[in-house]
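Let's take a walk through this structure together. Keep the sequence and the 3D view open as you read.

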Amino acid sequence: MAETGTTTPRERYRAQVRAEIKERAWEQIATAGASALSLNAIARQMGMSGPALYRYFAGRDELITELVRDAYRSLADAFRAASAAGSGLTGLAHTLRDWALDDPQRYFLVYGTPVPGYHAPDDVTTIASEIMTALLDACADLPADGPPTRLAAHLEGLGDQWTNGHAAPPAALHRALTCWTRLHGVLSLELAGHFNGMGFDPTLLFAAELDSLTGPSAN
């Protein structure tokens with residue numbers, strides 16, 4: 001009710017139309033992929049003219065940016081809640097998997113094949129960095145599991161280029177990158193259906209991979 005009192009009917013109508021456009025866009029992405037996204041097709045589905053729809057989104061890239069921004073924000077918020085609950089690295093990993101399984105198309109939009117010709121603006125990158133910051137902090141809370149590695153030294157030498165200014169010890173940098181790439185590898189294969197017909201439980205594979213990454217000291 002408070003929100004209704006601070007917005008005009010026109011603003012509420014515009015927000016509703018933009019929300020419906022995004023819903024239609026997700027439907028298109030689920031059917032044909034993000035590269036085939038068409039504002040004119042969405043306009044036809046909604047009984048609008050192309051020029052009318054372009055009053056809500058200036059073009060395909062602006063619409064994709066909204067979808068990507070929403071996707072990253074939902075995962076960043078989920079990671080923040082897990083971190084606040086003290087879930088540790090294991091909790092973040094399961095949060096990532098739950099988020100991916102809940103909406104595979106959303107997952108593939110941000111972690112799948114890049115959309116040809118599309119470049120995300122800086123504010124989207126900033127939201128994405130919140131996700132990595134949570135992962136780095138969780139990794140930093142775990143003890144180093146061995147001597148310094150060449151990869152850890154390499155990552156430390158990059159300064160804040162990779163961490164967006166967030167300080168983390170070399171061992172945490174190594175663990176975070178290794179966890180991120182290996183867990184995403186399992187998730188991407190599972191969501192793309194590559195485990196279908198192989199007869200094993202992907203949940204157990206993900207858990208086993210996580211165990212090998214975190215070790216007995218993980219939360």
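Which element gives the largest share of the lining of the largest pocket? That's α8, with seven residues. Keep in mind that what you're looking at is a predicted model.

Before we go into the pocket, here's the overall picture. The protein chain is built from eleven helices and has zero strands, so to speak an α-α-α-α-α-α-α-α-α-α-α run when you start at the N terminus. Along its principal axes, the C-alpha trace spans about 60 × 45 × 35 Å.

Now back to the pocket. The volume of the largest pocket is about 460 Å³, and 21 residues line it. If you want to find its centre, look for Tyr72, Val110, Ala120, Thr125 and Ala128, the lining residues closest to that point. Helix α8, which covers residues 122-140, isn't working alone: α5, α7 and α8 each supply at least two residues of the lining. As for the chemistry, the lining has 13 nonpolar and eight polar residues, with no charged ones.

Two of those helices, α5 and α7, also pack against each other, so let's look at how they meet. Helix α5 takes in residues 60-84 and helix α7 residues 104-111; their axes are 10 Å apart and cross at an angle of about 105°. Because of that angle, α5 counts as roughly perpendicular to α7. On the α5 side, the contact is made by Leu67, Val68, Ala71, Tyr72, Ser74 and Leu75. On the α7 side, Arg106, Leu109, Val110 and Tyr111 take part. Sorted by class, the residues of this contact are eight nonpolar, one polar and one charged.

Two tyrosines in this contact deserve a second look. The model has seven aromatic pairs, and Tyr72 with Tyr111 is a pair whose ring centres lie 6.0 Å apart. Their planes stand at 85°, so the pair is edge-to-face. Since Tyr72 lies in helix α5 and Tyr111 in helix α7, the pair ties together parts that are 39 residues apart in sequence. Remember that Tyr72 is also among the residues closest to the centre of the largest pocket.

Finally, what about enclosed space? A search of the whole structure turns up one cavity of 30 Å³ or more. The volume of the largest cavity is about 50 Å³. Its lining is made of Phe79, Leu92, Ala93, Leu96, Leu135, Cys179, Trp180 and Leu183. The elements giving two or more residues to this lining are α6, residues 88-102, and α10, residues 170-191. Which classes do the lining residues of the largest cavity divide into? Eight are nonpolar, with no polar and no charged residues.

Conventions
Residues numbered from 1 in each chain as written. Predicted model: local features only at pLDDT ≥ 70, side-chain atom pairs only at ≥ 80, totals over all residues. Heavy atoms only, no water. Axes fitted to C-alpha atoms, helices over the stretch in contact; angles between N-to-C directions. Helix = DSSP H or I, 4+ residues; strand = E, 2+ residues; numbered from the N terminus. Parallel < 35°, antiparallel > 145°, perpendicular 65-115°, else oblique. Contact = heavy atoms within 4.5 Å. Nonpolar A, V, L, I, M, F, W, Y, C, P; charged D, E, K, R; others polar. 1 Å grid on protein atoms, 1.4 Å probe; cavity = no way out; pocket = protein on both sides within 12 Å on 5 of 7 lines; lining within 4 Å. Points joined across faces, edges and corners; volume = space filled by probe spheres on them. Phe/Tyr/Trp six-rings, centres within 6.5 Å; stacked < 30°, edge-to-face > 60°.
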